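Reader: Please show me the structure first. After that I would like to ask how its descriptive terms are justified.

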Amino acid sequence: MKLSFAILGSGNIASQFAAAIAGSARCTLAAVGSRSAESAARFAAAHTIPRAHGSYDALLADPSAQAVYISLPNSMHHEWTLKALAAGKHVLCEKPFATNIAQAREMFAAARSHKKVLAEAFMYRSHPLTAAVQKAVAGGAIGTLKMIRTSFLFAASKTAGNIRFDPSLHGGSLMDVGCYCLSYSRLFAGAEPSAMHIVGHLHESGIDDYAAGTLAFPGGILANFACGITVAADNTACLHGTGGHIEVPIPWKPPVENAAFSIITPQGRLTQSVTAGKPLYALEADDFADAVLDGKPPRVSEQETLGNQACLDALRQQMGLPY
């Protein structure tokens, strides 16, 4: 069996998802919906999608799709997830899942009410690189984990018309890329933070365009992260333990082949690599198909999503961006 997906939205992330589905083992593309018939038709032609709809409502009424991938701006995730669930669709919703935790809870409650699968789309979680690093840490490769360091920054080529710089669409660096750093830190700490602090720079548009944060976890684990959409960086992850550390050069969008990480101890450097076998977003789509078709737990659980959302809410409050 294959899961038929419809894509809600026709932006860059939707294009990446659509292009990857050709490498999926369990998914097909049934339709795309955009704000206009013209943009939907262009997107459908570019990705060989059978049906194009000039409105989001028309897409949700299409019976050919079992699931909807929501790639809309952050502020629209809540509304259209609820509408998609009410239309009888399973939903894979892009990160950040919602504007705030109250919305996120309502979305999951609706999924239970409609008996549909709902999950947040953190694609890095589906790549075997993440699991391999988890296994190394859990196996004591660096002793006891004490610190986590992550960065996810890029310098946007333009700000005018960029949804990330629009406060009304709930943009900003923390929501757009800092959410990855929070997710990664919480994943490896295996707990929710007991204390959080962030300092951010406010862009003239009214959003945070770069920020730096720290997290404290039970058991003495500390994490620090940097995120930004007007600043370039190496975008790496590093896990520090009592007996060494692990460097992950490409944690967020690992390659299909030879995704590497290095374990550095007093005995030397050991570099390992894993092969995914299919594109990153195809891995994510197939994980979601496993949940829908086979009843497996979603790769990113409801508890993980709500925990990340709670952190985003608290940190935005500190920056004066409550949304």
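Author: Start with a pair of residues: Glu247 stands opposite Ser262 in strand 13 (residues 259–265). The model is predicted, with pLDDT of at least 70 needed for local features and 80 or more for side-chain atom pairs, while totals for chains, interfaces and linings use all residues. Residues are numbered from 1 along each chain as its sequence is written, and side-chain values use heavy atoms, without hydrogens and water.

Reader: What makes strand 12 and strand 13 a pair?

Author: Two strands pair if DSSP finds at least two bridges between them. Strand 12 and strand 13 are joined by 3 bridges and run antiparallel, so the condition is met. Strands themselves are DSSP runs of E with at least two residues, and helices are runs of H or I with at least four, both numbered from the N terminus.

Reader: How is strand 12 joined to strand 11?

Author: Strand 11 (residues 237–241) and strand 12 run antiparallel and share 5 bridges. They form a hairpin with 2 residues between them. Leu239 has Ile246 as its bridge partner in strand 12, and Cys238 has Glu247.

Reader: Which residues of strand 12 are called buried, and which are not?

Author: Buried means under 20% relative accessible area, with exposed over 50% and partly exposed in between (1.4 Å probe, protein chains only). Gly244, Ile246 and Val248 are buried and point to one face, whereas His245 and Glu247 point to the other and are not buried. In a regular strand the side chains alternate between the two faces of the sheet.

Reader: Why are strand 8 and strand 14 said to stand at the edges of their sheet?

Author: That sheet is open, with 8 strands in the order 8-9-10-7-11-12-13-14 and mixed pairing. Strand 8 (195–202) and strand 14 (268–274) each have a single partner strand, so one side of each lacks a neighbour in the sheet. From one strand to the next, the twist averages 10 degrees.

Reader: What is the order of the strands in the open sheet of 6 strands?

Author: The order is 3-2-1-4-5-6, and the pairing is parallel. Its edge strands are strand 3 (51–53) and strand 6 (118–121), each pairing on one side only. Strand 2 (residues 27–33) pairs with strand 3 over 3 bridges, and Gly33 stands opposite His53.

Reader: Why is helix 1 called roughly perpendicular to helix 8?

Author: Angles run from 0 to 180 degrees between N-to-C directions, and axes are lines fitted to C-alpha atoms, for helices over the stretch in contact. Helix 1 (residues 12–20) and helix 8 (residues 280–294) cross at roughly 80 degrees, and their axes come within 7 Å. Angles of 65 to 115 count as roughly perpendicular, under 35 as roughly parallel, over 145 as roughly antiparallel and the rest as oblique. Helix 1 is therefore roughly perpendicular to helix 8.

Reader: Which residues of helix 1 and helix 8 meet?

Author: Contact means heavy atoms within 4.5 Å. Ile13, Gln16, Phe17 and Ala20 of helix 1 meet Tyr281, Ala282, Glu284 and Ala285 of helix 8.

Reader: How do you know which term fits helix 5 and helix 9?

Author: Helix 5 (residues 101–114) and helix 9 (residues 302–319) pack at about 160 degrees, with axes 9 Å apart. The pair is therefore roughly antiparallel.
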